[in-house]
Structure formats: C-alpha cells, structure tokens
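Okay, thanks for coming, everyone. I'll put the structure up on the screen now, and then we'll walk through it together.

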Amino acid sequence: MAELKLNAVEKTYGNGFKAVHGIDLHVAEGEFMVLVGPSGCAKSTTLRMIAGLETITGGEVRIGDQVVNDLVPGKRGIAMVFQNYALYPHMKVRQNLSFGLRLKRKPKEQIERSTAEVSGVLEIEELLDRLPKQLSGGQAQRVAVGRALIKQPEVFLFDEPLSNLDAKLRASMRVRITDLHKRLRNEGRPATVVYVTHDQVEAMTMGDRICVMKDGHIMQVADPTTLYDRPANAFVAGFIGMPEMNLVPAVLSGEYGAQTLTLDGQTLTVGPGLAPRLSHGPGPVTLGVRPQHLDLVVADSPDALTGTITNLEFMGHEVNLHAKVGDAVFVCVVPSDQFDRNLQRGDRVGLKPRVEKLHVFDAETGENFSLA
Amino acid sequence: MASISDFPQTPTPRSEPPSALELKLRRRTRVSSTIRYTLLIVVGLIMIYPLIWLIGASFKSNSEIFSSPWFWPKEPSLQGYVEGWKTSTPYTFATFFINSMQIVIPKVIGTAISCTLVAYGFARFEFPGKKILFTILIATLLLPDVVTRIPQYLLFRELGWLDTYLPLFAPAWLAGDAFFVFMIIQFLRAIPREMEEAARVDGANTAQTLLFIVVPILRPAIISVCLFQFMWTMNDFLGPLIYISTVEKYPVSLALKLSIDATEAFNWNSILAMTVLALTPSLVVFFMAQKSFIEGISSGGVKG
Ligand SMILES: Nc1ncnc2c1ncn2[C@@H]1O[C@H](COP(=O)(O)OP(=O)(O)O)[C@@H](O)[C@H]1O
Ligand SMILES: [Mg+2]
C-alpha cells in the first residue's frame with residue numbers, strides 16, 4: 001500500500017474544455033478518501049486520471065514515490081470498481097476475478113488460492129461458476145469489488161460503485177466496504193482508497209477524509225466532523241448536511257463588541273458566541289445556519305427572526321418547518337415531541353439561531369470568515 | 001420470451017359454465033388466430049415454393065421438368081446428380097467446390113480479422129486524420145462496384161495476379177469491405193467502454209484487450225460478418241468471371257454457368273441438381289451459425 005499525491009493536476013479535454021483546474025490532493029497510506037460533489041464537477045475525470053484512463057494534461061500524480069503520469073493503468077498498481085460494474089460478460093465470475101492474475105501469468109495454485117480467499121471475504125463462493133448476466137445488482141457489485149481486491153493494489157479507486165443499487169442494498173454495501181477497509185487495516189495491509197460519489201451520506205459515513213469538489217476545483221478537504229462543523233465556504237456548507245444549511249443574505253454592521261446582523265429589517269445581536277470568531281469587518285454577508293440549530297420560539301422574541309410558516313413536513317421523529325422571513329425561506333428541524341401540534345401554515349413564529357453555531361460567509365467569495 | 005403456450009388458452013375451470021359473452025370472445029380469438037396462421041402459411045409457401053420446386057425438380061427426369069409445375073417427381077432418380085457431378089469438363093464438381101473453398105475460406109478469415117481491427121481502431125482510438133479516413137471509408141460504401149472494376153483489373157494485372165485467387169480474397173485481408181467495417185463499428189459503439197477500461201486496469205495491453213475482451217463481446221457481429229461474406233462470396237459470379245480464365249480453377253458459380261454453355265441440349269436436371277448442391281454450403285453454414293447468431297443478439301446487452 002502506498003500514499004497517493006496529486007500535484008497541481010489539470011485536465012483539458014480534446015475539445016478544449018478544461019475540466020480540472022490544478023488540484024492538489026494528498027491521500028495518506030491506508031486512508032479512505034472520498035471525492036464528493038455535484039454531478040459534472042470532474043470527480044470521475046480526476047479518478048480516471050489517477051487510474052491512467054485519461055491523460056493528465058498538467059501537474060503530476062504520484063503513487064508511492066513514483067510519478068505515474070506516463071504509466072499505463074496496468075502498471076500503476078491500482079484497481080478500479082466501475083459504476084456499472086464492467087464485468088466481462090463472456091467470462092464466469094471465477095474468470096472475471098482472476099483475469100488480471102492470469103494476464104500476469106501467476107502460478108495456477110496462487111490464482112486458485114487468491115480466488116478462494118477473495119470470494120470468501122465477499123461471500124461470493126456460490127457465484128463463482130455463474131456468468132455476469134446471472135447475477136443480481138448487489139452480487140455483481142461484490143464481484144466487481146472482488147476483482148479489485150484480488151490484485152492487492154497500492155490504491156483502490158471506486159467510481160460511484162453503489163449508485164445503481166436500490167437504497168437498502170446501498171446501505172448494506174456501504175457497511176460492507178467500510179468493514180472491508182477496516183479489516184484490511186487490522187490485518188496489517190491497509191488499503192489506500194479513493195472513492196467517488198455524489199451522495200453526501202456515503203461520503204460522510206465512509207470517508208476518513210472527504211474532498212469536496214466543484215467545477216474542477218477542490219473546495220475543502222477535511223474529516224467529516226470538520227466538514228460539518230467548520231465548512232470552509234458557503235458551497236461546502238450547503239452541500240454537506242441534511243436538510244441543507246439555510247444560507248441567506250444579511251448585513252454585518254457595528255463595531256467590535258456591539259456587532260449586529262440585519263436581515264429583512266430584523267436584527268440579531270452578535271454575542272460572545274460569534275463575535276470572537278469573525279475575521280472580517282462590517283459589510284454584506286451570507287448568513288449560514290443549519291436547520292437543526294434553529295430553535296422555535298414565540299414570534300417577536302428578542303434575538304430571533306420572525307417569519308410565517310409556509311410548509312410543515314412531518315418526518316415521524318422530527319418536523320421540518322419552512323418559514324418565510326422577508327424573501328428568504330428558512331428550514332427548521334424540530335423534534336416531534338417538542339413540536340406544538342397547533343401550529344399551522346400562515347402562523348407567525350420566531351426562529352432563534354444558536355449563535356455559537358452560526359456561520360458567516362463573505363457575500364462575494366463565499367469564504368467562511370467565522371472560523372477563527 | 002414467453003411462447004404462446006405459456007398463456008392459458010382458456011380461463012381456469014370454474015363450477016358455472018362460461019357465459020355467452022365469454023364463449024363468443026373465445027370463439028372470436030380462435031377464429032382470428034386461425035385466419036392469421038393460414039394467411040402466414042400460404043404466403044410463406046408461395047415464397048419458398050420455387051426453392052422446393054428446385055429441389056424436387058433436381059430428382060426429376062429431364063422431360064418431366066417442363067411438363068409439370070408440381071414439385072414432387074413422378075419417378076425420382078439420382079441421375080441428375082450423377083451426371084451433373086461428372087460435368088462436361090475433365091473435372092468433377094468436387095474440384096469446383098474445392099476451388100470455391102480456396103476463395104471463400106481465406107476471404108472470410110481475412111474479412112473477420114481485418115474488419116475487426118479497423119473497426120476497433122475507428123471506434124475506440126483518436127488519431128490524426130481519423131475524420132478524413134472515416135469519411136473515405138464510408139464514401140467507398142456509396143461507390144458503385146463497377147466504377148472500380150477496371151482500375152482494379154489493371155492493378156492486379158500489373159501485380160501478375162490474373163488467373164489466381166489473390167484478386168478475389170486479397171482485398172478482404174485489407175478490410176476492403178467497408179460495409180462490414182461499418183457494421184462492426186456500429187456494434188462497438190453500443191458497447192460501453194468500461195469493460196475495456198477494466199481490462200486495461202487489469203493489466204491488458206491493447207492487443208490483449210482486443211483479443212480477450214472485445215472479440216468475445218463482438219462475437220455475434222463477427223459471426224454475422226462471416227456469414228454474409230461466406231454467402232456473398234459463394235454466390236459471386238462476376239469476380240471469378242473477370243479474373244479466372246482456366247477452367248480447372250473455376251469456382252462453383254462459374255462451373256454452373258459452364259454446364260449451361262457447354263452442351264447444346266441442356267441437361268436441366270443435372271444443372272438443377274448442381275444448383276442444389278451449390279446452395280447447400282450456404283444453408284449449412286447459416287443453420288450452424290444461427291444459434292450463436294441469435295444467442296449473441298439476445299445476450300449482447302449488459303445489465304446496468
Ligand atoms: N471526454 C470528454 N470530453 C469533453 N468533456 C468531457 C469529457 N468527459 C467529461 N467531460 C466534461 O468534464 C466535466 C466533468 O465530468 P466528470 O468528471 O464525468 O464529472 P462527474 O464525474 O463529477 O459527474 C463535465 O462537465 C463533462 O461534461
Ligand atoms: Mg462521474
């Protein structure tokens with residue numbers, strides 16, 4: 001196993017489209033790194049450059065201490081799992097697993113031993129003599145993982161491997177893959193993984209660290225807790241978390257010690273929970289507050305925003321309350337047992353943000369300046 | 001696929017008798033399917049009757065052939081086959097069959113290999129001049145054959161290939177049949193690239209990817225190409241007519257014509273008998289290939 005380094009990696013496609021704008025990424029040995037971002041943000045492109053399936057048009061990719069820019073995929077010490085499994089349709093599962101080893105002309109007994117071991121780990125022993133078309137989606141996915149595992153690569157690459165599965169299977173495969181990663185780590189042969197997904201749940205639950213991408217740029221690389229608690233910018237803040245963080249324009253004004261945030265003519269005092277964190281002075285900002293960090297209070301309470309309920313979503317254990325404050329709509333999550341059943345659409349309510357959890361972003365750059 | 005017998009023809013038995021409406025509907029279905037099948041059988045018979053007649057007539061005597069349009073011979077005899085096989089030349093028909101095979105086999109193999117290679121190149125790789133080359137390839141599809149006959153003849157004459165089989169199959173080794181290249185390209189375009197990429201990640205080089213992954217996946221397409229090439233070459237008359245001048249080297253298609261030319265009173269029954277034999281290889285090859293042909297078409301898709 002080895003570490004993986006991307007130094008100022010760029011990709012310009014043949015048609016002149018620049019998909020990746022010089023990204024730097026360091027994946028430590030044995031680390032599970034998730035690349036996440038909306039569709040089209042060049043996650044696959046980045047992964048395919050690491051794999052050697054796309055040429056690298058700028059910068060360098062290192063695996064271990066070797067620059068692999070000019071190596072063919074087979075020589076990079078990587079294994080890849082594709083979104084649509086990409087099993088060889090004319091080969092039985094057994095041959096699918098051993099194809100790489102057979103190409104390398106490994107001895108027969110070694111191939112058999114590896115096949116047995118890998119199929120044991122992934123519980124696909126009974127499937128070994130089936131053709132891919134005789135497998136269900138989940139089984140095919142396990143075979144695809146097995147085909148990567150059997151090669152004992154330096155780096156595992158996954159490109160949205162679970163997105164063709166139904167929700168239930170996806171959840172169990174998620175656990176299976178993370179368990180496998182832990183197991184390899186405990187066995188003393190940790191696997192370096194780069195895992196691409198557009199699903200933030202997968203990202204948050206699987207990744208040791210997460211790399212959030214947007215339009216071919218890296219927005220932030222951090223562990224899940226940091227990403228959630230200390231998003232580097234408004235994009236990351238909005239992308240991570242369910243329901244999405246409320247991001248609304250506001251104005252920061254006043255001198256240090258007596259700062260206020262104003263939106264829709266309503267004012268919030270910037271108390272000791274927020275003031276020391278701010279690294280910028282007054283001006284227009286984007287206020288960020290997670291739906292979980294808004295407390296429901298009586299309308300017109302001090303240091304709360306007053307709005308009108310536009311929608312109520314009953315989720316069972318909690319209620320998503322949508323309230324319109326000026327032009328902005330806030331979503332607020334209230335635990336069911338604390339929710340006043342008499343509230344209805346059109347009622348006026350107060351939303352009191354927990355100031356210590358507030359984020360303030362630069363209105364223009366989106367940079368979070370409440371992190372200090 | 002469900003066959004007709006999978007569906008219950010009648011509702012499951014119940015205690016009360018079927019209502020009048022049910023009976024009527026059932027009768028109507030039965031009548032309409034009877035009509036449909038009768039029509040299909042009649043049309044099918046009309047289409048295939050000349051072939052049936054051909055086979056029947058090959059067992060008739062020469063005089064009976066023109067006396068009755070009915071296919072069944074009154075006094076079946078093998079005389080047509082015996083006479084026809086001997087031919088009016090010093091050679092038996094066996095020679096001509098062997099000659100045909102000497103053209104067909106290299107041509108089919110050459111076509112399969114070269115067209116797959118060229119199609120793979122066009123479908124999967126970027127190289128300078130690709131657009132122009134592909135346009136030229138397609139343009140040759142639209143070019144009528146006759147236009148190139150004379151220049152080709154001159155070329156092969158310069159090479160000293162006249163009266164050999166080379167002019168007949170050498171172009172096929174250079175992917176001369178643009179139609180087949182085009183057919184395989186279209187097939188390849190429908191196949192996701194991930195399988196080839198997976199093979200490359202598994203350590204296969206370009207040739208290994210082609211051989212171990214692409215060719216097996218392309219099997220149905222390649223079999224169709226071979227099938228068409230086999231039949232077209234077996235039936236090709238003009239090519240051998242232009243390039244082959246020695247009777248000893250004649251393929252079946254020319255030999256058949258030979259037996260019409262050579263005698264004053266045609267032995268129609270032996271001509272028909274040899275025609276039947278000439279058809280056999282194509283039919284046999286078709287039925288042999290049919291299974292994998294159809295199998296390939298139905299299993300070619302990959303589950304997403
Ligand atoms: N072969 C290609 N040629 C030109 N542009 C491409 C090609 N492949 C992908 N792109 C573009 O690059 C961007 C990133 O694509 P991709 O890496 O597939 O995104 P993601 O995997 O994050 O959804 C997209 O805008 C896409 O349209
Ligand atoms: Mg993608």
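Let's start with one residue, A:D208, which is partly exposed, with a relative accessible area of 30%. Before I go on, please keep in mind that this is a predicted model.

So which residue does A:D208 meet in a salt bridge? That's A:R185, and the N to O distance between the side chains is 3.0 Å. A:R185 is partly exposed too, at 38% relative accessibility. Now, where do these two sit in chain A? A:D208 is in the loop between α6 (200-206) and β9 (209-214), while A:R185 belongs to helix α5 (residues 167-186), so the salt bridge ties together parts of chain A that are 23 residues apart in sequence.

If you're wondering about the general idea, side chains of opposite charge can pair when their charged atoms come close.

Here's another one in chain A. A:R94 and A:D129 form a salt bridge, with 3.5 Å between the closest N and O atoms. This pair links distant parts of the chain, 35 residues apart: A:R94 is in helix α2 (residues 93-103), and A:D129 is in the loop between α3 (108-121) and α4 (137-149). As for accessibility, A:R94 comes out as partly exposed, at 33% relative accessible area.

Over all chains, by the way, the structure holds 21 salt bridges.

Right, on to chain B. How many helices and strands does chain B have? There are 13 helices and zero strands, so if you read along the sequence you just get α after α: the pattern is α-α-α-α-α-α-α-α-α-α-α-α-α. Chain B has 304 residues, and buried ones make up 34% of them. Look at the contacts between residues at least 6 apart in sequence: in chain B, 71% of those join residues at least 24 apart. On the outside, chain B exposes about 18300 Å², with carbon and sulfur atoms supplying 70% of that area.

Chain B has a salt bridge of its own to show you, between the side chains of B:E158 and B:R157, at 3.8 Å from N to O. B:E158 counts as exposed, at 62% relative accessibility, whereas B:R157 is partly exposed, at 44%.

Okay, now let's see where the two chains meet. The contact involves 19 residues of chain B and 25 residues of chain A. People often give the size of an interface as the accessible area lost when the parts come together. For chain B and chain A, the buried area is about 1900 Å², and carbon and sulfur atoms give 63% of it.

What about polar contacts across this interface? The rule finds eight residue pairs. On the chain B side, α9 (194-201) and α10 (206-235) each supply at least two of the residues that touch chain A. The largest share comes from α9(B), with seven residues. And sorted by type, the residues on that side of chain B are 10 nonpolar, four polar and five charged.

There are also two salt bridges across the interface. One of them is between the side chains of A:R48 and B:E197, at 2.8 Å from N to O. And here's the bit I'd like you to find on the screen: A:K11, A:R48, A:E54 and B:E197 are joined into one network by salt bridges that share partners.

Okay, that's my tour, thanks for listening.

Conventions:
Residues numbered from 1 in each chain as written. Chains lettered and ligands numbered in written order. Predicted model: local features only at pLDDT ≥ 70, side-chain atom pairs only at ≥ 80, totals over all residues. Heavy atoms only, no water. Helix = DSSP H or I, 4+ residues; strand = E, 2+ residues; numbered from the N terminus. Buried < 20%, exposed > 50% of the residue type's maximum accessible area, 1.4 Å probe, protein only. Contact = heavy atoms within 4.5 Å. Areas by Shrake-Rupley, 256 points an atom, 1.4 Å probe, with all protein chains shown as cover. Buried area = accessible area lost by both parts, 1.4 Å probe. Salt bridge = Lys/Arg side-chain N within 4 Å of Asp/Glu carboxyl O. Polar contact = N/O pair within 3.5 Å; in protein donor to acceptor, adjacent residues only side chain to side chain. Nonpolar A, V, L, I, M, F, W, Y, C, P; charged D, E, K, R; others polar.
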